[in-house]
Amino acid sequence: MYCRLINSTAVDVVPSYKDRFHQGIHSQFVECPDDVQAGWIYNADEDTWSAPPEIEEEEEESSE
């Protein structure tokens with residue numbers, strides 16, 4: 001799999017990019033593990049991928 005990185009975040013995750021994207025952005029693609037999805041973060045220093053943190057919705061307090 002390959003993904004296009006923007007600010008260390010996977011944007012486009014595809015099995016092949018050369019036939020799908022303009023040649024001008026081919027340099028933005030890197031090889032990635034099969035389980036990476038759009039939104040995952042790449043740490044180049046450690047060569048690791050991680051899912052973005054889940055956003056917890058705050059529960060509304062009921063006023064009685």
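The points below concern the strands, the nonpolar core and one buried residue of this predicted model.

1. Strand β1, which covers residues 2–6, pairs with strand β2, residues 9–14, in the antiparallel sense, and five bridges hold this pairing in the model. The hairpin formed by β1 and β2 has two residues between its strands, and within this hairpin Asn7 adopts a positive phi near 50°.

2. Strand β1 also runs antiparallel to β3, to which three bridges join it. Tyr2 illustrates both pairings, since this residue stands opposite Val14 in β2 and opposite Glu31 in β3.

3. Phe29 belongs to strand β3, which spans residues 29–31, and Phe29 counts as buried because its relative accessibility is 7%, under the 20% cut-off that applies here. If neighbours within four places in sequence are set aside, the contacts of Phe29 are Tyr2, Cys3, Arg4, Asp12, Val14, Tyr17 and Phe21. The C-alpha atom of Phe29 is 9.1 Å from that of Ala10, a residue 19 places away along the chain.

4. The largest nonpolar core has eight residues, namely Cys3, Leu5, Ala10, Cys32, Val36, Trp40, Tyr42 and Trp49. Trp49 merits a separate look: when residues up to four places away in sequence are not counted, Trp49 touches Cys3, Leu5, Ala10, Cys32, Val36, Trp40 and Tyr42, and its contacts also include Val30, Glu31, Pro33 and Ile41.

Key:
Residues numbered from 1 in each chain as written. Predicted model: local features only at pLDDT ≥ 70, side-chain atom pairs only at ≥ 80, totals over all residues. Heavy atoms only, no water. Helix = DSSP H or I, 4+ residues; strand = E, 2+ residues; numbered from the N terminus. Buried < 20%, exposed > 50% of the residue type's maximum accessible area, 1.4 Å probe, protein only. Contact = heavy atoms within 4.5 Å. Core = buried A, V, L, I, M, F, W, Y, C linked by side-chain atoms within 4.5 Å. Pairing = 2+ DSSP bridges.
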